[in-house]
Amino acid sequence: MNLRSLPDRKPFLTAALAVVMLAALAAAAISAEPRAKDLFGAKKLPAVVPAQSFGFYSKGCFAGGVALPMDGPTWEVMRPSRNRRWGHPAMISLIEKLSRDAVADGWPGLLIGDISQPRGGPMMTGHASHQIGLDADIWLTPMPKRPLTFAERESMSATLMVDEKTHLVKDALWTPQHTRLLERAASYPEVERILVNPGIKKKLCDTVTGDRSWLRKIRPFWGHDYHFHMRIGCQPGSPDCKRQEATPADDGCGKPLAWWFTEEPWRPNKNPDAPKARDLLTMANLPRECQAVLAASDAPSLAAVTYQGGNATAVAVAEPQPTEPAETISSGNAALPAAASAFAPTPKIGIPLPRPRPGN
Ligand SMILES: [Zn+2]
């Protein structure tokens, strides 16, 4: 009886084996697929196309990026070798505006950390977000009076503003100008969120008087103890940019903040070696359009896609300049790079932009 069933079972076993083998092959194919971080991390320049963000802050890419010049009258780019001074033109012009406003407020100037890669996408190191050109890290260390050399920008440490044990701001370091800087950044309608260490949020909750409505945008998060992270909303012209849910309407100083001062958020990671999202993302995980963003040909020169104030989009489509802008900081000389001189006229920015299309 058993023997009679054998002829039936054999094809079944063969089929099962085939399925197993196919699954193994598929797994091998998936693991052999290049990681999106390697592909986007290898791009040195964006293409000259209209600016558009695709996907979400932590899973996407963007086209038509422009570079923040290495130096301006009111800012300096830090960690230049990372080549992460790229953003949506709206973000780059907002950083420039913030740097001017901050100086007018009494802050000596901005040290700019990571913005995005030339075409966004996941990064080789750090940052789950910063992928669609709408996130920027700005140091809580004021810009020094003399220009920093290239080497100093690579190696200079930022000031840790928060005690790692108590998670409270170090009072000796915090000044009213720090508060003013965050208030100024939060004041822009484009800015939807500012991520700071919970200790910094608490300091603001405890000390800000008068108008506290801007505290709504200040969101506590791990890290962010030497810089703050400014996030703007999806920009017009980016229908495939996924909006983040709005922050609650209150100042966020109540229960949700108290949670950060319990033991729970600081428990050691049980699985520190688990791969991070950026280590797994392939092009198939990103919006379809990112394939085209990646494939588009490079801008003719760095100068052609370096922001020069005013209408950054116009800069991006301008004729390429004959020479690359000098990276004058390497010698530590005090002269500003050629691109910075273009900042003399005050760019017309800060006009409230129309809200992006809701949904999706
Ligand atoms: Zn950040």
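Start with helix α6, where the side chains of K202 and D206 meet in a salt bridge, with N and O 3.0 Å apart. Keep in mind that this is a predicted model. K202 and D206 are 4 residues apart in helix α6, so about one helical turn separates them. How open to the outside are the two partners? K202 counts as partly exposed, because its relative accessibility is 27%, while D206 is exposed, with a relative accessible area of 54%. Elsewhere, salt bridges that share partners join D105, R180, E183 and R184 into one network.

**More charged pairs**

Side chains of opposite charge can pair when their charged atoms come close. For this model, the count comes to 19 salt bridges. Here are three of them, with their N to O distances.

| Pair | N to O distance |
|---|---|
| K202 and D206 | 3.0 Å |
| D171 and K203 | 2.5 Å |
| R153 and E76 | 3.7 Å |

Take R153 and E76, whose closest N and O atoms are 3.7 Å apart. R153 sits in helix α4 (residues 150-155) and E76 in strand β5 (residues 75-77), so this salt bridge ties together parts that are 77 residues apart in sequence. Both R153 and E76 are buried.

Now for D171 and K203, which meet in a salt bridge at 2.5 Å, N to O. This pair also links distant parts of the chain: D171 is in the loop between α4 and α5 (176-187), K203 is in helix α6 (residues 198-207), and their positions lie 32 residues apart in the count along the chain. The surroundings of the two ends can be told apart by their values: D171 is exposed at a relative accessible area of 54%, whereas K203 counts as buried at 18% relative accessibility.

**The zinc site**

Which residues hold the zinc ion? The zinc ion is coordinated by H130 through NE2, by D137 through two OD entries, and by H229 through ND1, at 2.1 to 2.8 Å. Along the chain, the donors follow the spacing H-x6-D-x91-H. H130 and D137 are both buried.

What about the geometry around the zinc ion? The 4 donor atoms subtend angles of 51 to 153 degrees, and therefore the arrangement is irregular. For reference, ideal angles at a metal are 109.5 degrees for four tetrahedral donors.

**Loops and a surface patch**

Q235 has its place in the loop between β11 (227-232) and α7. Is Q235 buried or exposed? Q235 counts as buried, because its relative accessibility is 6%. The side chain of Q235 reaches the backbone oxygen of G233 at 2.9 Å.

Another loop, between β10 (218-220) and β11, holds G223. With a relative accessible area of 33%, G223 is partly exposed. G223 and V196 are 27 residues apart along the chain, and their C-alpha atoms are separated by 7.5 Å.

Finally, have a look at the surface. F221, W222 and W259 form a nonpolar patch there, with about 290 Å² of accessible area together. One of these residues, W259, lies in helix α7 (residues 255-259). W259 counts as partly exposed, since its relative accessibility is 32%.

How values were computed: Residues are numbered from 1 along each chain as its sequence is written. This is a predicted model: local features need pLDDT of at least 70, side-chain atom pairs count only at pLDDT 80 or more; totals for chains, interfaces and linings use all residues. Side-chain values use heavy atoms; hydrogens and water are left out. Patches are made of residues with over 30% relative accessible area and no salt bridge: like charges are joined within 9 Å, nonpolar side chains (Val, Leu, Ile, Met, Phe, Trp, Tyr) within 5 Å. Accessible areas come from the Shrake-Rupley method with a 1.4 Å probe; for residues, only the protein chains shown count as cover. A salt bridge is a side-chain nitrogen of Lys or Arg within 4 Å of a carboxyl oxygen of Asp or Glu. Helices (H or I, at least four residues) and strands (E, at least two) are DSSP runs, numbered from the N terminus. Buried means under 20% relative accessible area, exposed over 50%, partly exposed in between (1.4 Å probe, protein chains only). Donors are N, O and S atoms within 2.8 Å of the metal (3.2 Å for Na, K and Ca); water is not among the atoms, so sites may look incomplete. Four donors count as tetrahedral if all angles lie between 85 and 135 degrees; four count as square planar and six as octahedral if opposite donors are over 155 degrees apart and all others between 65 and 115; anything else is irregular. A polar contact is a pair of N or O atoms within 3.5 Å; within protein, one must be able to donate a hydrogen and the other to accept it, and residues adjacent in sequence count only if both atoms are side-chain atoms.
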